[in-house]
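Student: Please take one part of this structure and walk me through it closely. Keep it brisk, and place it in its setting.

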Amino acid sequence: AFKIGENHNVRLPVIVNQDGFLTSHKAQNVRPLQDDVAYDFVGDFKEMNSMLNFDKPVTHGVQTESDWHFEHKAKQNKAMMDSVSVIEEVFAEYEKVSGRKYNMIETHKLDDAEVVIVCMGTTYQTAQVAADRMREEGIKAGVLMPRVFRPTQLESLAEKLQNAKAVVCMDRSAPGGQTGLLYNDVAAALFNTSARPLLSNIIYGLGGRDINIANLSDIFRHAQKEVEAGKLDGTIQRWIGVRGPELKYYKAQGQGQKMSSLLNKPQGNKQIKNLKTFSTAAERFEGAHVLCPGCAHSIIVREILNA
């Protein structure tokens with residue numbers, strides 16, 4: 001990240017994302033680089049436009065309004081778009097010192113895959129195992145993972161997914177009233193191509209909730225049934241692994257689904273009357289998010305009021 005962000009052709013912040021709870025609270029053997037090897041790889045910081053170079057004074061932090069703001073943003077975006085070659089060079093250098101090969105987009109058994117899961121983070125490794133098991137069942141399953149989320153690799157995504165018949169984009173983030181960001185990227189990549197796979201969106205794992213091989217295997221099987229039927233099973237977006245009524249949004253085949261409230265909508269034999277009954281009581285007292293014990297207060301207060 002430092003080597004990329006400090007490159008004089010980039011000079012942009014680089015964010016390294018890590019799956020909360022899944023990788024931060026579990027034990028696994030790691031092989032870190034020796035300090036001297038890591039230091040030599042990153043190299044010395046080469047400052048540019050130093051604030052303390054009195055022989056070459058520069059101005060920092062000044063306000064630029066409409067007269068220059070647009071140009072500055074355009075320059076930032078160009079640096080982001082041009083960073084691809086820098087990232088690939090750094091990946092190649094890192095492979096030489098570590099033996100670990102990283103690609104902008106990672107794939108698993110994608111060459112002849114008809115049903116593809118697109119995911120990120122630790123889900124990628126689990127999905128690989130699920131795809132291998134699906135192959136044993138006769139389903140041509142594959143997995144794709146963008147290792148670098150931005151800049152978006154539209155051309156590469158389109159090229160790698162040209163032969164897929166169904167693509168399931170798995171977003172581990174709250175979409176906030178829309179489809180997930182990963183789904184949007186894949187849809188944008190395929191929109192102006194001849195490829196027309198069945199494209200769906202799964203929202204999962206919020207707050208560090210686990211997803212396992214069985215869950216991913218079911219997603220592969222569900223997508224395979226959609227391929228055989230020649231259409232999506234009703235909606236584009238599904239939420240999985242969440243308590244409460246089944247959550248599905250956006251009717252397929254261009255029929256927009258109204259985002260009607262689930263609080264007063266009948267769900268099977270149940271009538272969800274209000275938020276209390278929708279949010280079932282926790283089986284044990286703990287934080288609403290496993291990384292934030294303070295969040296447990298709202299649950300405890302609710303249970304006391306319900307008692």
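Tutor: Two strands count as paired if DSSP finds at least two bridges between them. Keep that cut-off in mind for the strand chosen here, β3, which spans residues 141–146. Note also that this is a predicted model.

Begin with the partners. Strand β1, residues 105–108, runs antiparallel to β3, and 4 bridges join the two. That meets the cut-off of at least two bridges, so β1 and β3 count as a pair. Within this pairing, I105 sits opposite P146 of β3. Strand β2, residues 115–118, is also paired with β3. Here the sense is parallel, again over 4 bridges. V118 faces L144 of β3 across this pairing. β3 thus has an antiparallel partner in β1 and a parallel partner in β2.

Next, the connection. Helix α4, residues 123–136, joins with β2 and β3 in a β-α-β unit. The unit is right-handed.

Now the cover. β3 is mostly covered, with 6 of its 6 residues buried. Take the two directions in turn. A141, V143 and M145 point one way, and they are buried. G142, L144 and P146 point the other way, and they are buried too. Two of these residues have already appeared: P146 stands opposite I105, and L144 stands opposite V118.

Stay with β2 for a moment. V115 is in contact with Q224, and β2 covers residues 115–118. Q224 lies in helix α7, residues 213–229. Leaving aside neighbours within four places in sequence, Q224 contacts V115 and I139. Q224 counts as buried because its relative accessible area is 14%, and the cut-off is under 20%.

For contrast, turn to F54. It is found in the loop between α2 (35–42) and α3 (69–98). Its relative accessible area is 71%, so F54 is exposed. F54 also helps make a nonpolar surface patch with M51 and L52. That patch measures about 450 Å².

Last, the whole chain. Its secondary structure comes to 9 helices and 9 strands. Of the 307 residues, 33% are buried. The chain exposes about 20,100 Å², and carbon and sulfur atoms supply 52% of that area. Among contacts with a separation of 6 or more, 66% link residues 24 or more positions apart. Against that background, β3 has 6 of its 6 residues buried.

Key: Residues numbered from 1 in each chain as written. Predicted model: local features only at pLDDT ≥ 70, side-chain atom pairs only at ≥ 80, totals over all residues. Heavy atoms only, no water. Patch = residues over 30% accessible without salt bridge, like charges linked within 9 Å, V, L, I, M, F, W, Y side chains within 5 Å. Areas by Shrake-Rupley, 256 points an atom, 1.4 Å probe, with all protein chains shown as cover. Salt bridge = Lys/Arg side-chain N within 4 Å of Asp/Glu carboxyl O. Buried < 20%, exposed > 50% of the residue type's maximum accessible area, 1.4 Å probe, protein only. Contact = heavy atoms within 4.5 Å. Right-handed = clockwise from strand over helix to strand, strands pointing away.
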